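Me: I'd like a close look at one corner of this model, starting from a loop and following whatever it leads into. Could you walk me through it in one go?

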Amino acid sequence: MSKFEIVGSLLRPTSLLGFKRAIEERDDIQYPFYSDFAGYEAEEERAIKKIVEDQIAAGIEVISDGEYSKSVWHLDFLWGLKGIKRSIIGTGQIFREKDGSKAFETRRDVGIQVVEALSGHEHHFIRVFNKIKKYSGDHQVKICIPSPSHVYFDFVWSAHMEFTPFYQSKEEAKQGLLTAYKEFVQDYANAGGTIIQLDDCRWAMFADDNEASPLKGRTDLDLEKLAAEFIDLNNELIAYAKSLGLKVWTHNCRGNYRSRHMSSGSYEKISDLFLGQQNYDRFFLEWDDERAGSLRALEVFKDSNKEVVLGLLSSKTSTLDNEERVLNALKEAQTLIPKERLFLSHQCGFASTDHGNDLSAEEQWKKIEQGKKIAEAFWNVG
């Protein structure tokens, strides 16, 4: 068994990006947009077939579509829910430039409004899953969707997303969202899905060493109670998915947009909450730089059976990673939790949005090959 994992997304080919760019500029079209652009559906399936084959050739054991079916890591899932209206708004989200300054604006087709009861049945992602299965043979397949708590936070706090006019309260919106998620998970299990990954960028908001947190300084909020609400929401979906026989994984990061990040915040500050209390089977965690803090946060997993994928490599850079640093970190990690429950990955995907990070496809695959070699050296597996 390989101990190297891919978080999810991979750089899209130029032939696919032309369609994605056209989608970004229009909100008078209906997801998944195939009927609006001649040749788009056929090109997307061709690209998915190729990236599945590329992953298999590279020795990747758990296969995704490289997120080729998406424009943005979380928005496409929302666009596919019944009851969602998508729009282009005046400003995007603000990320931090590579030097740490807060100055980089994202794409603007991020407006979301709930206009009727949310439903996850007949979601387009099930069709995507069937395509991945068709080309992946006997390999395991996973799909990645945003966690319900991530979306719930956006509905409640973000100016870009609104649960009104349909839902009249936060509680109504939360329950409607949870119902839609359960419907989707049920359809996914019925289609033969076995692994679902819930991606989430919101945990670091609760770390008091995160200077960029929108919750920082909010004396009107009980942050521990709010965190518990997010955790309970995720755990209810996790329990339901597990009852259907699914393995449920999560990936957490601090933002990844064209090699830029959004925030800081160490895992130690939130380990007792989001690491210790969420019932995921496997955690993909970001540890490619000092923002994540000490590996001692892993102690919370010591007496559990949870698996941890250490994102010690960087998907944001075009150069290979420092192998000595990675091996030293792996050695430290195995003193905290058993080696057999550890895996290695990059901190995030290579293209959380279709723009992709600032490196070439050739550089991406070289970095993946390096990750595999480091994992083989550490775990002594071929």
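What does Glu 122 count as, buried or exposed?

Reply: Glu 122 counts as exposed, with a relative accessibility of 78% (exposed means over 50% relative accessible area, buried under 20%, partly exposed in between, with a 1.4 Å probe and protein chains only). Keep in mind that this is a predicted model, where local features need pLDDT of at least 70 and side-chain atom pairs 80 or more, while totals for chains, interfaces and linings use all residues. Numbering runs from 1 along each chain as its sequence is written, and side-chain values use heavy atoms, without hydrogens or water.

So, the loop itself. Glu 122 is placed between β5 (111-119) and α4 (helices are DSSP runs of H or I, at least four residues, and strands runs of E, at least two, numbered from the N terminus). Its backbone is worth a look too: Glu 122 is not a glycine, yet phi is positive, at about 60°. Most residues other than glycine have a negative phi, and most peptide bonds are trans. Glu 67 also has a positive phi of about 60° without being a glycine. That one sits in the loop between β1 (62-63) and α3, and at 5% relative accessibility Glu 67 counts as buried.

Two cis peptide bonds are worth checking in the backbone as well. Tyr 31 and Pro 32 are joined by one, with omega about 5°, and Pro 32 belongs to the loop between α1 and α2 (40-57). Thr 164 and Pro 165 are joined by another, with omega about 10°; Pro 165 is in the loop between β7 (161-162) and α6.

That brings us to α4 and α6. Their axes are 10 Å apart and pack at an angle of about 25° (axes are lines fitted to C-alpha atoms, for helices over the stretch in contact, with angles from 0 to 180 degrees between N-to-C directions). The two helices α4 and α6 are therefore roughly parallel to each other (under 35 degrees; over 145 is roughly antiparallel, 65 to 115 roughly perpendicular, the rest oblique). Phe 125, Ile 126 and Phe 129 make the contact from the α4 side, and Phe 184, Asp 187 and Tyr 188 from the α6 side (contact means heavy atoms within 4.5 Å).

Zoom in on two of those residues. The ring centres of Phe 125 and Phe 184 are 6.4 Å apart and the planes stand at 75°, so the pair is edge-to-face (rings of Phe, Tyr and Trp, its six-membered ring, pair with centres within 6.5 Å; planes under 30 degrees apart are stacked, over 60 edge-to-face, the rest tilted). Phe 125 in helix α4 (residues 124-136) and Phe 184 in helix α6 are 59 residues apart, and their pair links distant parts of the chain. Phe 125 is buried, with a relative accessible area of 4%, and Phe 184 is buried at 0%.

Helix α6 has a second pair to offer, one of the 24 aromatic pairs in the structure. Phe 77 and Tyr 181 have ring centres 5.1 Å apart and planes at 50°, so this pair is tilted. Phe 77 lies in helix α3 (residues 75-79) and Tyr 181 in helix α6 (residues 170-190), so the pair ties together parts that are 104 residues apart in sequence. Phe 77 and Tyr 181 are both buried.

One more stop, for another helix contact. Helix α5 (residues 148-157) has eight of its 10 residues buried, so it is largely enclosed by the rest of the structure. Among the buried ones are Pro 148, His 150, Tyr 152 and Phe 153. The axes of α5 and helix α7 (residues 223-243) come within 8 Å and cross at roughly 135°, and that makes α5 oblique to α7. Pro 148, Ser 149, Tyr 152, Phe 153 and Trp 157 of α5 make this contact with residues of α7 including Leu 226, Phe 230 and Leu 237. Aromatic residues from both helices also turn up in one aromatic cluster, whose members include Tyr 152, Phe 153, Trp 157, Trp 203 and Phe 230.

Back towards the start of the chain, Leu 17 lies in helix α1 (residues 14-24). Leu 17 counts as buried at 17% relative accessibility. Leaving out residues up to four places away in sequence, Leu 17 touches Arg 12 and Asp 354. The C-alpha atoms of Leu 17 and Ser 71 are separated by 9.2 Å, with their positions 54 residues apart along the chain.
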